[in-house]
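Biologist: Could you take one strand of this model and walk me slowly through its surroundings? I would like a connected account rather than a list.

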Amino acid sequence: MKNLPSLRQLHALMLISETGSFTRTADLLSVTQSAVSILIRELEAEVGAQLVYRGRTASLTAGGQRLERAARRAWREIEQAQREVREHRENAQAVIRLAVGSLSAATFVPRALAMLEADPQSNLRVELLDGPMTMLADLLISGDADVGIGSVDLPIRKPVVLKSEILDSDTLCAVAAARSRFAELFAKHKRLGWETLAGQPLVFVSCRGVQWQQLLLKQMAAHEGLYRAQEVQLFSTAIALAREGLGIAIVPSAAARDLGPDCLLRPVDDADARWSTYWVTRRESSVPADAMECLKRAIVQAMRDVQPTRVRRRR
């Protein structure tokens, strides 16, 4: 079967089953008898079988009866859905598809969703899409996501499709194992400059993004002694390597907020070393503006809630 039957064809079949008459069915549909005949002929051609016995009284074949029963079930579901839409259209939940990177998903986003869930005034449902940062902009541009949160780089390159604003600008920090050869270096310095880190095995998270290129690759070019020992995809991986004494991880302070006593933490002493988190949306969106604003408020509040656990910013 190339095409599914139309609702009008199925309705005609159902009425023929009830009335036993093409003429009466035409009256109920407010069309001519020939129009009903055409609907049934087209339906029979699509399913490849005779559905109606023509005669003084029209009746359905076994195949017609089977299709009519299925049509009647579908018709009832459609009518029920139509009633529900009419009854609840004023109170229908707004749905936002939220794409987030791994850092946001592991820190403030769960808290924001919990706040929305607990708010009786919030009539908003958020569908969470978490994944690599490289995925976020693609989801937004394709229309599979309504909002993206993270260090999204593509808004800079796709300004016609997307718009962005900075939600937060975080400091970078260095993480090392408390019982490692780096402990003495951390004990000597309350803040670590790039010069101090020269010659040390550094663990970076993928440097392919625009932010890392600006923050880290620029410093590597400026300081010949900076050594990239490992380049990984996740902040959690970078910290795990540092915890095992395999290097010094360079991460946003939010990624290191739950470190235990087995790790040492120092801010990177560079006023330009900031990690920006963006709120990115499509310029044309079907999501109500008040729903977007509700989600943004929850996100901003959740980011403030985790602020005390971050490295203190230099004033």
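Modeller: Since this is a predicted model, what follows describes computed geometry. Strand β3, which spans residues 94–100, is mostly covered, with five of its seven residues buried. On one pairing, β3 joins strand β4 (residues 124–130) in the parallel sense, and seven bridges link the two; within that pairing, Leu98 stands opposite Leu128 in β4. Strand β3 also runs parallel to strand β5 (residues 147–150), to which three bridges join it, and here Leu98 stands opposite Val147 in β5. Leu98 thus has a partner named in β4 and another in β5.

Further along the chain, helix α5 covers residues 102–106 and contains Ser104. With a relative accessible area of 4%, Ser104 falls under the 20% limit and is therefore buried. Apart from its neighbours within four places in sequence, Ser104 is in contact with Val109, Pro110, Ile149, Gly150 and Thr277; of these, Ile149 and Gly150 belong to the residue range of β5.

For a view of helix packing elsewhere in the model, helix α2 (residues 22–29) and helix α3 (residues 33–47) have axes that come within 8 Å and cross at roughly 100 degrees. That angle lies in the range of 65 to 115 degrees, so α2 and α3 are roughly perpendicular to each other. Phe22, Thr23, Thr25, Ala26 and Leu29 of α2 make the contact with Gln33, Val36, Ser37 and Ile40 of α3, and the residues involved comprise five nonpolar, four polar and no charged.

Definitions and conventions
Residues numbered from 1 in each chain as written. Predicted model: local features only at pLDDT ≥ 70, side-chain atom pairs only at ≥ 80, totals over all residues. Heavy atoms only, no water. Buried < 20%, exposed > 50% of the residue type's maximum accessible area, 1.4 Å probe, protein only. Helix = DSSP H or I, 4+ residues; strand = E, 2+ residues; numbered from the N terminus. Pairing = 2+ DSSP bridges. Axes fitted to C-alpha atoms, helices over the stretch in contact; angles between N-to-C directions. Parallel < 35°, antiparallel > 145°, perpendicular 65-115°, else oblique. Contact = heavy atoms within 4.5 Å. Nonpolar A, V, L, I, M, F, W, Y, C, P; charged D, E, K, R; others polar.
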